[in-house]
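Please open the model in a viewer and keep the sequence panel visible. The stops below are given in the order in which they may be selected.

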Amino acid sequence: MQDFDLRDLDAFVAVARTRNFRRAALEQRVSVSSLSQRLRDMEERLGVRLMNRTTRSVALTEAGELLLARVAPAMVNVADAITEVRGLRAEPSGRLRINAPPPAVDLVLAPMIAPFLARYPQIDLDIVAESAFVDIVAQGFDAGVRYGEHLAQDMVAVPLGAQQRYAVVASSDYVAKHGRPMHPKDLLKHACIRTRFGSGAIFDWEFEKNGRVVKVSPPARLIATYLGLALRAVHDGVGYWATFEGYVHYGVKSGALVSVLDDWCPPFDGPFLYYPSRRQPPPALAAFVSFVADWRKQARRKK
């Protein structure tokens, strides 16, 4: 053990867990080259290869699998111990990494960021917005944000925001020229703006009224993965767009956009902050959970 320190083992576990040197280097806050060199030096000192590397993949050897199985649980215990000790400090600190879908970032998390950082000047935030589902533990995140139907049972879930709803909108010019749908199936006769998610899927538009659910797949005049493009397109009169109401609230309020089928778009629960169930969450995460609780209390008082 005299030839190794915790940084060697932590670096090995990071690469072994992510199977990606670039991602592991980001977690370790080092360059890819220095991380790769650390692993090569470690293999030389051990006298055995731990990983097979190519330009596209990383695979553990039998020796690497054995080392990971024995070392990874110990590293978790070490991290928990350090976290508990740091928790004794008066001021929470450290980096907090959160993974969340873009609508949750834009409409729920974004207003919290500045007040949270002002309250906790020793905490740094690293927020990754992506629509694809990820394993937050495997990817090195402290917490994630998802809607209730996508939460794993073994996670602690904390309500993050108030109820939300979808809205179907088009520009006032488009509605004047082409009319407004009175039923979801009427959208099949209109030009529409659809969204392609990170997985490649383009989901049906789902509506509900009096317990009746209707799904439609309207014709896509435009398919966008970038929210800003879809928002510009709906204002420019390309067609109808179904999106979170928060994105188009001001457009509807100003009269530039017209909201339709409102009675088919009921509210639904907002997103949840979720994180692994463990005895002692990191101080930065504990501080954020507490902040969220205070934020929601203040929001309820304002209503």
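Of the 303 residues in the protein chain, buried residues account for 38%. The model is a predicted one. With the whole chain selected, the C-alpha trace spans about 75 × 45 × 35 Å along its principal axes. Colouring by secondary structure will show 9 helices and 14 strands. Among contacts between residues at least 6 apart in sequence, 74% join residues at least 24 apart.

**First stop: the start of the chain**

Select R19, which lies in the loop between α1 (6-18) and α2. R19 is not a glycine, yet its phi is positive, at about 55°. Most residues other than glycine have a negative phi. The residue is partly exposed, with a relative accessible area of 34%.

Next, add helix α2 (residues 21-28) and helix α3 (residues 32-46), whose axes come within 9 Å and cross at roughly 100°. That angle makes α2 roughly perpendicular to α3. To display the contact, show the side chains of F21, R22, A24, A25 and Q28 in α2 together with V32, L35 and S36 in α3. By class, this contact of α2 with α3 comprises 5 nonpolar, 2 polar and 1 charged residues.

**Second stop: R97**

Move to strand β3 (residues 94-100) and select R97 within that strand. Is R97 buried or exposed? R97 has a relative accessible area of 17% and is therefore buried, the limit being under 20%. Leaving aside residues up to four places away in sequence, R97 touches E27, D126, V128, Q139, G140, F141, D142 and A143.

**Third stop: α5 and α9**

Select helix α5 (residues 102-119) and helix α9 (residues 283-302). The two pack at an angle of about 120°, with their axes 11 Å apart. The helices α5 and α9 are therefore oblique to each other, and their crossing is right-handed. From α5, the contact uses L109, P111, M112, P115, F116 and R119; from α9, it uses A284, A287, F288, F291, V292, D294 and W295. Which classes of residue make up the contact of α5 with α9? The residues divide into 11 nonpolar, no polar and 2 charged.

**Fourth stop: N210**

Select N210 in the loop between β9 (205-209) and β10 (212-216). N210 is a residue other than glycine with a positive phi, near 55°. N210 is exposed, with a relative accessible area of 79%.

**Fifth stop: α7 and its surroundings**

Continue to helix α7 (residues 227-235), in which A230, A233 and V234 are buried. They cover an arc of only 95° around the axis, so they are on the same side of α7. To see what these buried residues pack against, add β7 (166-171), β8 (192-195), β11 (220-224), β12 (240-244) and β13 (257-260). Just after α7, select G237, which takes a positive phi of about 85°.

**Last stop: K253**

Finally, select K253, found in helix α8 (residues 245-254). K253 is exposed, with a relative accessible area of 65%. For a distance check, add T243: the two residues are 10 residues apart in sequence and 16 Å apart in space, C-alpha to C-alpha.

Conventions: Residues numbered from 1 in each chain as written. Predicted model: local features only at pLDDT ≥ 70, side-chain atom pairs only at ≥ 80, totals over all residues. Heavy atoms only, no water. Buried < 20%, exposed > 50% of the residue type's maximum accessible area, 1.4 Å probe, protein only. Helix = DSSP H or I, 4+ residues; strand = E, 2+ residues; numbered from the N terminus. Arc of directions from axis to C-beta. Contact = heavy atoms within 4.5 Å. Axes fitted to C-alpha atoms, helices over the stretch in contact; angles between N-to-C directions. Parallel < 35°, antiparallel > 145°, perpendicular 65-115°, else oblique. Left-handed = near helix turned anticlockwise from the far one by under 90°. Nonpolar A, V, L, I, M, F, W, Y, C, P; charged D, E, K, R; others polar.
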